[in-house]
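Subject: Structure for you to look at

Dear colleague,

I am passing on the structure we talked about, and I would be glad if you looked it over before reading my notes. What I found in it follows below.

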Amino acid sequence: MEIVGVFSLVFGITGLIGSYWYIGLLLCVIGLVLGIVGVADCFTEKKLPVAGLLLSILGIIMSVYFIVSDLDSGRLAVDADKFKKHEKVEEEEDFMRFRRENVEVEQEEAEDTGEASEELEGAQEEDTKGQ
C-alpha cells in the first residue's frame with residue numbers, strides 16, 4: 001500500500017501548484033482522500049501519505065482563498081454578465097449619490113459665502129465710518 005502514499009504526495013503537489021487555476025481543488029481533494037487511506041492502511045512508513053495529506057490540505061486552503069478572492073474582485077468567470085450588470089448598477093448609484101452630495105455641499109458653500117460676504121461688507125462699512 002506504499003503506492004497510495006506516493007499518489008497522495010503526487011496529487012498534493014500538483015494540486016498545490018494548480019490551486020491558482022482552480023483545478024487544484026479537485027486534485028487536492030483526491031490527494032486528501034488518498035492520504036487518509038494511506039495513513040489508515042500503511043503499517044510500515046507513513047511519511048509519504050502524511051506529506052501528501054498536508055500538501056493536499058494546504059492546496060485546498062489556497063484554492064478556496066483564490067476562488068473567494070476572485071469572486072470578491074469580480075474576476076471569476078462564473079456567470080460574469082450577472083456580476084458586471086450588478087457592478088454597473090452599484091457604480092451608477094454611487095456616482096449619483098456622489099453628485100447629490102457635491103450639489104448639497106456646493107449649495108451649503110454658496111450659502112456660507114453669501115452670509116460671510118454680507119458680514120464682511122458690513123464690517124468694512126463700519127471701518128470706513130469709524131475712520
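I began with serine 8, which lies in helix H1. Please keep in mind throughout that this is a predicted model. Serine 8 has a relative accessibility of 0% and therefore counts as buried, the limit for that class being under 20%. Its side chain reaches across to the backbone nitrogen of glycine 35, at 3.3 Å. Once neighbours within four places in sequence are left aside, the residues in contact with serine 8 are Gly31, Leu34, Gly35, Pro49, Gly52, Leu53 and Ser56.

One of those partners, leucine 34, has its place in helix H2. The C-alpha atoms of leucine 34 and serine 8 are separated by 5.0 Å, although the two residues stand 26 residues apart along the chain. With residues up to four places away in sequence not counted, leucine 34 touches Val4, Phe7 and Phe11 as well as Ser8. Leucine 34 is nevertheless partly exposed, because its relative accessible area is 22%, and a residue must be under 20% to be called buried.

The overall layout may help to place these residues. The chain has four helices and zero strands, so that the pattern read along the sequence is α-α-α-α. Of the 131 residues in the chain, 18% are buried, and the chain exposes about 10,100 Å², of which carbon and sulfur atoms supply 62%. Among the contacts in the chain with a separation of 6 or more, 64% are between residues 24 or more positions apart.

Helix H2 deserves a longer description. It runs over residues 23–41, and its 19 residues should span 27 Å at 1.5 Å a residue, which agrees with the 27 Å between its end C-alpha atoms. Which residues of H2 are buried? They are Gly24, Leu27, Cys28, Gly31, Gly35 and Gly38. These residues lie on the same side of H2, because they cover an arc of only 95 degrees around the axis. As a general point, an α-helix has 3.6 residues a turn, so residues three or four places apart point the same way. On the other side of H2, Leu26 and Ala40 are exposed. The buried residues of H2 pack against two helices, namely H1 (2–18) and H3 (47–73).

Two residues of helix H3 can be set beside this picture. Serine 63 is found in H3 and is buried, with a relative accessible area of 0%. Apart from neighbours within four places in sequence, serine 63 is in contact with Ser19, Gly24 and Leu25, and Gly24 is itself one of the buried residues of H2. Leucine 54 also lies in helix H3, but leucine 54 counts as exposed, at 55% relative accessibility. From C-alpha to C-alpha, leucine 54 and glycine 31 are 9.4 Å apart in space, and they are 23 residues apart in sequence.

The loop between H1 and H2 holds tyrosine 22, whose backbone you may wish to look at on the screen. Most residues other than glycine have a negative phi. Tyrosine 22, however, has a positive phi of about 70 degrees although it is not a glycine. With a relative accessible area of 31%, tyrosine 22 is partly exposed.

Finally, I looked at the aromatic rings. How many aromatic pairs does a search of the whole structure find? The search finds three. In one of them, the rings of tyrosine 20 and tryptophan 21 have their centres 5.6 Å apart and their planes at 90 degrees, so the pair is edge-to-face, given that planes over 60 degrees apart fall in that class. Tyrosine 20 is partly exposed, with a relative accessible area of 48%, whereas tryptophan 21 is exposed, with a relative accessible area of 58%. Both residues belong to one aromatic cluster, which is formed by Tyr20, Trp21, Tyr65 and Phe66.

With best wishes

Note on methods: Residues numbered from 1 in each chain as written. Predicted model: local features only at pLDDT ≥ 70, side-chain atom pairs only at ≥ 80, totals over all residues. Heavy atoms only, no water. Expected span 1.5 Å × (residues − 1). Buried < 20%, exposed > 50% of the residue type's maximum accessible area, 1.4 Å probe, protein only. Arc of directions from axis to C-beta. Contact = heavy atoms within 4.5 Å. Polar contact = N/O pair within 3.5 Å; in protein donor to acceptor, adjacent residues only side chain to side chain. Areas by Shrake-Rupley, 256 points an atom, 1.4 Å probe, with all protein chains shown as cover. Phe/Tyr/Trp six-rings, centres within 6.5 Å; stacked < 30°, edge-to-face > 60°.
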